[in-house]
Amino acid sequence: MRELITKSFLEIFAQEPIHAFAPGRINLIGEHTDYQEGFVFPAAVAQGIYFGIQKNNSNSARIHSFDFNEDFRFDVKSFSPRKGHWGNYIMGMVSQLNQAGYEIEGFDMVFGGNIPVGSGLSSSAALSVGVGTSISGLFDLDIPKKSLALYAQKSENLFEGLNCGIMDPYASAFGKADHALLLDCRSNSHEEVPISLGQYSLLLVNTNVKHKLADSAYNKRRSACEESVDILSSTFTGIKTLRDIAEADLPKVKSILPKELFSKAKHVILEDVRVHQAGESLRSGELGKFGELMKASHKSLSQDYEVSCEELDFLAKESWKKKYVLGSRMMGGGFGGCTINLLENNHILEFKKSIATSYLAAFNIEPDFIEVKPSDGARLVK
Ligand code: GLA
């Protein structure tokens with residue numbers, strides 16, 4: 001990919017670029033908790049986006065998307081959002097960098113990668129973090145990773161109108177090979193947990209669907225959590241987010257919140273507990289226990305938080321039936337995208353065949369299988 005980017009850059013812009021790479025991410029467990037200052041457990045993956053970038057001594061950014069074979073231009077000092085277009089993520093990051101006081105001049109960029117769009121591997125975070133990393137390198141700005149992650153999150157909030165949390169860009173920025181990041185979304189700091197799976201592997205199954213309501217439902221769930229916090233704060237004084245509510249307080253929470261809000265709050269409160277348990281089980285090599293937590297997470301996301309869909313539920317349930325699968329659950333925002341599965345290496349082929357057949361029969365859609373491995377985060381590439 002890097003060679004293809006260089007070649008394309010030379011053809012279009014007739015000079016040598018510098019290079020950067022930013023990965024997509026998986027999440028082991030801890031879904032829909034980041035925007036309530038809770039805990040998540042993501043890892044960067046090997047799949048990602050490569051960038052070639054160089055100064056062009058003007059005020060224009062001239063961008064070429066290798067994958068879409070499409071160009072996009074904007075003035076680096078004055079531009080406005082263009083929701084739904086890939087160029088929006090680039091403008092969003094430049095806007096954040098401008099606001100933070102970094103001097104950004106005109107640049108040329110070619111980018112392309114191997115993250116299936118819509119799979120839930122967060123190609124948007126990889127794009128944003130990669131743009132930040134390459135601009136930081138090009139103009140010698142030395143922007144801290146944490147700032148890049150925060151700018152990427154804010155850019156998506158403001159430019160795309162998706163009120164996402166910090167997890168995706170944070171994982172893309174801080175990923176470490178063979179480790180997952182136990183991330184505290186209040187302090188925005190993490191602990192690296194070694195992931196050694198022995199005879200097991202992580203495998204994603206892509207439903208290849210993305211239901212339309214995904215973004216609006218996401219924002220609604222976030223608002224529901226905020227509403228719960230508002231209601232609860234008269235009893236639980238001093239709470240800021242659902243992260244501040246302990247599992248032992250659930251009966252009391254239940255007696256206060258309307259039913260609809262309670263089931264959502266319950267998911268967030270218990271999912272935080274599961275993240276800590278998952279951290280312990282992975283540290284002590286208890287993969288079976290970790291698999292059980294994945295299953296509990298899925299059930300909670302599906303029944304209580306209501307962000308799953310028929311296709312994801314089908315894939316998770318089919319996988320739970322198989323003895324060689326330790327765990328399976330929907331991953332990411334929901335309403336489509338992938339399930340993440342922990343299964344025995346020597347049954348992978350059998351699993352793929354069986355799932356492909358049953359999923360095709362049920363939905364008339366071929367699923368895709370994506371092999372993933374915890375990998376290093378965003379970086380300049382020599
Ligand atoms: C999306 C968002 C993240 C996170 C997950 C759900 O991936 O971008 O911030 O909220 O959904 O865990």
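A salt bridge is a side-chain nitrogen of Lys or Arg within 4 Å of a carboxyl oxygen of Asp or Glu. In this predicted model, the side chains of Arg186 and Asp244 satisfy that rule, with an N to O distance of 2.8 Å.

## Domains and their interface

The chain is divided into two parts: domain 1 comprises 2–194 + 376–381, and domain 2 comprises 200–372. Taken over C-alpha atoms, the centres of domain 1 and domain 2 are separated by 26 Å. The contact between them involves 34 residues of domain 1 and 46 residues of domain 2.

The size of an interface is often given as the accessible area lost when the parts come together. Between domain 1 and domain 2 the buried area is about 3,300 Å², and carbon and sulfur atoms give 59% of it. On the side of domain 1, the residues that lose the most area to domain 2 are Ile29, His32 and Gln36, which together account for 22% of what that side buries.

Polar interactions also cross this interface. The rule finds 5 salt bridges between domain 1 and domain 2, and 26 residue pairs are in polar contact, both residues being at pLDDT 80 or more. Strands S1 (18–27), S2 (39–40), S3 (42–55), S7 (179–184) and S8 (189–194) each supply at least two residues of the side of domain 1 that touches domain 2. The largest share of that side, 3 residues, comes from S1.

## The surroundings of Thr241 and Arg186

Thr241 lies in the loop between helix H6 (214–232) and helix H7 (250–256). Thr241 counts as buried because its relative accessibility is 8%, and buried means under 20%. The side chains of Thr241 and Arg186 are joined by a polar contact of 3.3 Å. Not counting residues up to four places away in sequence, Thr241 touches Gln36, Glu37, Arg186 and Val229.

Of these neighbours, Glu37 lies in the loop between S1 and S2. Its relative accessibility is 16%, so Glu37 counts as buried. Most residues other than glycine have a negative phi. Glu37, although not a glycine, has a positive phi of about 55°.

Asp140 likewise has a positive phi of about 55° and is not a glycine. Asp140 lies in the loop between helix H3 (123–138) and helix H4 (145–160). With a relative accessible area of 72%, Asp140 is exposed.

## Salt bridges

A search of the whole structure finds 19 salt bridges. Three of them are listed here with the accessibility of each partner.

| Acidic residue | Basic residue | Closest N and O atoms |
|---|---|---|
| Asp108, 1% (buried) | Arg62, 29% (partly exposed) | 2.7 Å |
| Glu192, 37% (partly exposed) | Lys176, 32% (partly exposed) | 3.3 Å |
| Glu318, 14% (buried) | Lys321, 62% (exposed) | 2.7 Å |

Salt bridges that share partners join Glu37, Arg186, Lys240 and Asp244 into one network. Arg186 of this network also makes the polar contact with Thr241 described above.

The salt bridge of Asp108 with Arg62 links distant parts of the chain: Asp108 is in strand S6 (residues 107–113) and Arg62 in strand S4 (residues 60–65), 46 residues apart. For the salt bridge of Glu192 with Lys176, Glu192 lies in strand S8 and Lys176 in the loop between helix H5 (167–174) and S7, so the pair ties together parts that are 16 residues apart in sequence.

## Nonpolar cores

The largest nonpolar core contains 75 residues, of which Ile26, Leu28, Phe41, Ile63, Phe74, Phe107 and Ile135 touch the most other members. Each of domain 1 and domain 2 contributes at least three residues to this core. Apart from it lies another core of 30 residues, including Cys164, Leu250, Val253 and Leu257.

Phe74 illustrates the packing in the largest core. Not counting residues up to four places away in sequence, Phe74 touches Asn59, Ser60, Ala61, Ile63, Phe79, Ile90, Met91, Val94 and Phe107. Among these neighbours, Ile63 and Phe107 are also named with Phe74 among the core residues that touch the most other members.

Note on methods. Residues are numbered from 1 along each chain as its sequence is written. This is a predicted model: local features need pLDDT of at least 70, side-chain atom pairs count only at pLDDT 80 or more; totals for chains, interfaces and linings use all residues. Side-chain values use heavy atoms; hydrogens and water are left out. A nonpolar core is a set of buried Ala, Val, Leu, Ile, Met, Phe, Trp, Tyr and Cys residues joined through side-chain atoms within 4.5 Å. Buried means under 20% relative accessible area, exposed over 50%, partly exposed in between (1.4 Å probe, protein chains only). Domain bounds come from an automatic or database domain assignment. Contact means heavy atoms within 4.5 Å. Buried area is the accessible area (1.4 Å probe) that two parts lose on being put together, summed over both. A polar contact is a pair of N or O atoms within 3.5 Å; within protein, one must be able to donate a hydrogen and the other to accept it, and residues adjacent in sequence count only if both atoms are side-chain atoms. Helices (H or I, at least four residues) and strands (E, at least two) are DSSP runs, numbered from the N terminus.
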